[in-house]
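Work through the exercises below with the sequence and the structure in view. Try each task before reading its solution.

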Amino acid sequence: MTMAAKHFENKTALITGGSRGIGLAVAREMSKRGTRCAIAARGAERLERARASLAADGFDVLTIQTDVSDAESCANMVARAVEEFGRLDILVNNAGVSMRATLDELDAEACRSMVDINLMGCIYPTLSALDQLKKNKGSVVFTSSIAGLIGLPTATIYCATKHALRGFADALRCEIGPCGAHVGVVYVGFTENDPEKKVVSASGGAVPPGPAHMTQEEVAREFAELIRKRRSRAVLSPIGKLAEFAGRLSPDIVGEAIVFSRKTKLNERLGIT
Ligand SMILES: NC(=O)c1ccc[n+]([C@@H]2O[C@H](COP(=O)([O-])OP(=O)(O)OC[C@H]3O[C@@H](n4cnc5c(N)ncnc54)[C@H](OP(=O)(O)O)[C@@H]3O)[C@@H](O)[C@H]2O)c1
């Protein structure tokens with residue numbers, strides 16, 4: 001067994017949003033490395049299909065039907081994983097929803113719902129898992145985005161939730177880092193999408209998802225390496241790294257560049273909507 005795999009041997013992990021897309025790829029990657037995984041999502045049928053596809057590869061995972069926007073549902077999710085595994089070492093807060101709409105197209109309920117899933121849906125599981133993470137010197141990981149590094153038009157609330165994860169993680173690291181726990185944030189770039197992924201418009205309809213610059217498997221390996229090396233952050237994809245650099249340099253320049261690219265349709269030529 002390699003050093004890389006050894007870190008995950010006999011560990012247990014809970015991955016929210018693990019029924020498809022990046023979450024399912026993370027569950028597969030961690031399982032491959034010897035971790036016992038639980039995956040959580042709302043849809044029971046999709047969860048079962050994810051379980052069966054992992055089982056076909058020889059990986060036995062626990063499925064837990066959960067709505068991460070509900071505190072009680074999250075408490076039950078963590079309790080179920082601990083009951084089954086006896087302990088919890090790794091929590092990957094990955095469940096999230098995407099929306100493409102300008103702020104003036106949204107009402108208060110649409111904004112609240114996204115905050116409930118993308119932000120509270122990471123806070124509730126972490127709160128419930130805190131004792132386990134401290135006791136086991138575990139890892140908690142948050143799935144942010146390029147939208148957590150810079151502001152993107154038609155993604156005001158999404159950007160707000162993904163930026164907020166950084167603040168939450170950085171503060172939490174100060175609190176539980178001294179206990180030996182690890183807190184990491186992955187800033188995911190444009191990644192291939194599951195055919196079932198739905199990016200919603202203001203009216204609730206579906207809009208085409210963005211371009212893909214990385215595969216889900218590549219992204220999953222980055223999650224595993226961040227956990228293994230106990231790194232605080234990983235910024236994925238060339239566009240993500242550029243966004244981080246430019247955002248640090250000047251948010252004004254980034255904003256002007258984005259407005260320019262939309263005006264000149266450069267974004268469409270690059271496949272970025
Ligand atoms: N794909 C990209 O290009 C990209 C880029 C940057 C960041 N990200 C972030 O990466 C994460 C995963 O994205 P993805 O592309 O893999 O998305 P996805 O294919 O839409 O998968 C989302 C997962 O989250 C679950 N989920 C959604 N709402 C939930 C809720 N309230 N409670 C529990 N589970 C919930 C979904 O299952 P149910 O609907 O059945 O609950 C599904 O398992 C998200 O946080 C996203 O913001 C993705």
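**Exercise 1.** Which residue stands opposite Ser98 in β8, and what is the order of the strands in this open sheet?

Solution. The model is a predicted one. Begin at Ser98: the residue opposite it in β8 is Val199. Next, take the two strands together: β5 and β8 (residues 199–200) are parallel and share two bridges. Then widen the view to the sheet, which is open, has three strands and follows the order β5-β8-β9 with mixed pairing. Last, find the edges: β5 (98–99) and β9 (206–207) each pair on one side only.

**Exercise 2.** Find which strands pair with β4, and decide which way the side chains of β4 point.

Solution. Start with β1 (residues 12–16), which runs parallel to β4 and is joined to it by three bridges. One partner pair here is Ile15 with Val92 of β4. Continue with β6 (residues 139–145), which pairs with β4 in the parallel sense over four bridges. In that pairing, Leu91 has Val140 of β6 as its bridge partner.

Now turn to the side chains. In a regular strand they alternate between the two faces of the sheet. In β4 (residues 90–93), Ile90 and Val92 point one way, while Leu91 and Asn93 point the other way. All of these residues are buried.

**Exercise 3.** Is Val183 buried or exposed, and with which residues is Val183 in contact beyond its neighbours within four places in sequence?

Solution. First place the residue: Val183 is in strand β7 (residues 182–188). Then use the count of other C-beta atoms within 10 Å, where 20 or more means buried. Val183 has 24, so Val183 is buried. With its neighbours within four places in sequence left aside, Val183 is in contact with Val140, Ala169, Leu172, Arg173, Ile176, Gly177 and Ser232. As a distance exercise, take Lys32: it lies 151 residues from Val183 in sequence and 22 Å from it in space, C-alpha to C-alpha.

**Exercise 4.** Describe how helices α2 and α7 cross, and which residues make the contact.

Solution. The axes of α2 (residues 21–32) and α7 (residues 216–228) come within 8 Å and cross at roughly 60°. The two helices are therefore oblique to each other. Their crossing is right-handed. On the α2 side, the contact is made by Gly21, Ile22, Ala25, Val26, Arg28, Glu29 and Met30. On the α7 side, Gln216, Glu217, Val219, Ala220, Arg221, Phe223 and Ala224 take part. Sorted by class, the contact has eight nonpolar, two polar and four charged residues.

**Exercise 5.** What is the sign of phi in Asn10 and in Ser237, and is each residue buried or exposed?

Solution. Recall the background: most residues other than glycine have a negative phi. Asn10 has a positive phi, near 60°. Ser237 also is not a glycine, and its phi is positive at about 75°.

Next, locate both residues. Asn10 is in the loop between α1 (3–6) and β1, and Ser237 is in the loop between β10 (233–235) and α8 (238–249).

Finally, count other C-beta atoms within 10 Å. Asn10 has 10, so Asn10 is exposed, the limit for this being 12 or fewer. Ser237 has 20, so Ser237 is buried.

Terms used. Residues are numbered from 1 along each chain as its sequence is written. This is a predicted model: local features need pLDDT of at least 70, side-chain atom pairs count only at pLDDT 80 or more; totals for chains, interfaces and linings use all residues. Axes are lines fitted to C-alpha atoms, for helices over the stretch in contact, and angles run from 0 to 180 degrees between N-to-C directions. Angles under 35 degrees count as roughly parallel, over 145 as roughly antiparallel, 65 to 115 as roughly perpendicular and the rest as oblique. A crossing is left-handed if the near helix is turned anticlockwise from the far one by less than a right angle, and right-handed if clockwise. Two residues are in contact if their C-beta atoms, placed from the backbone, lie within 7 Å. Ala, Val, Leu, Ile, Met, Phe, Trp, Tyr, Cys and Pro count as nonpolar, Asp, Glu, Lys and Arg as charged, and the others, Gly among them, as polar. Two strands pair if DSSP finds at least two bridges between them.
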